[in-house]
Amino acid sequence: MAFHPRLPILAVGTGQYDGGYFFEGELLLLHLKTGMVASLIEDDFGRQVLGLEWLDEQSLRVLMAPPDDWQDETAHEEGHVAVVNRPDWTAVPARSLNGRDLAGPRAPAPRPDIPEAVRQAAAELRSILGTRLGARSEDL
């Protein structure tokens, strides 16, 4: 998660390895004043988000797992880094980021073990967001 440096916006990255060979997830933008949530990655391109960092008011650095680990021996230790620039993050429409927006070079992206407390907090956040979105928490 990463709070915008000036706007009341929280970027939230989700995801997991499906145990087969896909890394699935999404990038959510939560407007803290309105409670509105937008899923930013287009439907056919969901990716596990491993890290987020606002570089400035217009630039969000996103670290994502590769799309899958098929014939990719380093997929569990590396990811792709993209910098997404938008002049006004309050006006970014849902499902507006595509593969071109999220393309970037390979970089180290080790997957640390997540403590149980963090897992529980993430589950609570998914539940809250699911209620606001009218979706089941498993879908988030």
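In what order do the four strands of the antiparallel open sheet that includes β1 follow one another? In this predicted model, the order is β1-β2-β5-β6. The strands at the edges of this sheet are β1, residues 2-3, and β6, residues 37-39, and each of these pairs on one side only. Strand β5 covers residues 27-31 and is joined to β6 by three bridges in the antiparallel sense. Within this part of the sheet, Leu28 is positioned opposite Ser39 of β6.

The protein chain as a whole contains ten strands and one helix. Along the sequence the elements follow the pattern β-β-β-β-β-β-β-β-β-β-α. Of the 140 residues in the protein chain, 36% are buried. Among contacts in the protein chain with a separation of 6 or more, 52% are between residues 24 or more positions apart. The exposed surface of the protein chain comes to about 8,400 Å², and 51% of this area is supplied by carbon and sulfur atoms.

Another open sheet is formed by four strands in the order β7-β8-β9-β10, again with antiparallel pairing. Its edges are taken by β7 (49-54) and β10 (106-108); each has a single partner strand, so one side of each is left without a neighbour in the sheet. On average, and with direction ignored, neighbouring strands of this sheet are turned by 35 degrees against each other. The antiparallel pairing of β8 with β9 runs over six bridges. One residue pair in this sheet consists of Leu60 and Val84, the latter being the bridge partner in β9.

Aromatic contacts were examined next. A search of the whole structure gives four aromatic pairs. One of them joins Tyr21 and Phe22, whose rings are stacked, with 4.5 Å from centre to centre and 25 degrees between the planes. The angle falls under 30 degrees, so the pair counts as stacked. Both residues are intermediate in accessibility: Tyr21 is partly exposed at 34% relative accessibility, and Phe22 is partly exposed with a relative accessible area of 36%. Tyr21 also forms an aromatic pair with Trp70, and this pair is tilted, at 6.1 Å centre to centre and 55 degrees between the planes. Tyr21 belongs to the loop between β3 (16-17) and β4 (23-24), while Trp70 belongs to the loop between β8 (59-64) and β9 (78-85); the pair therefore ties together parts that are 49 residues apart in sequence. Trp70 has a relative accessibility of 58% and counts as exposed, because the cut-off for that class is over 50%. Together, Tyr21, Phe22 and Trp70 make up one aromatic cluster.

A further loop position concerns the stretch between the two sheets. Asp43 is found in the loop between β6 and β7, that is, between an edge strand of the sheet β1-β2-β5-β6 and an edge strand of the sheet β7-β8-β9-β10. With a relative accessibility of 61%, Asp43 counts as exposed. Asp43 and Leu97 are 54 residues apart along the chain, and their C-alpha atoms are separated by 9.5 Å.

Methods:
Residues numbered from 1 in each chain as written. Predicted model: local features only at pLDDT ≥ 70, side-chain atom pairs only at ≥ 80, totals over all residues. Heavy atoms only, no water. Phe/Tyr/Trp six-rings, centres within 6.5 Å; stacked < 30°, edge-to-face > 60°. Buried < 20%, exposed > 50% of the residue type's maximum accessible area, 1.4 Å probe, protein only. Contact = heavy atoms within 4.5 Å. Areas by Shrake-Rupley, 256 points an atom, 1.4 Å probe, with all protein chains shown as cover. Pairing = 2+ DSSP bridges. Axes fitted to C-alpha atoms, helices over the stretch in contact; angles between N-to-C directions.
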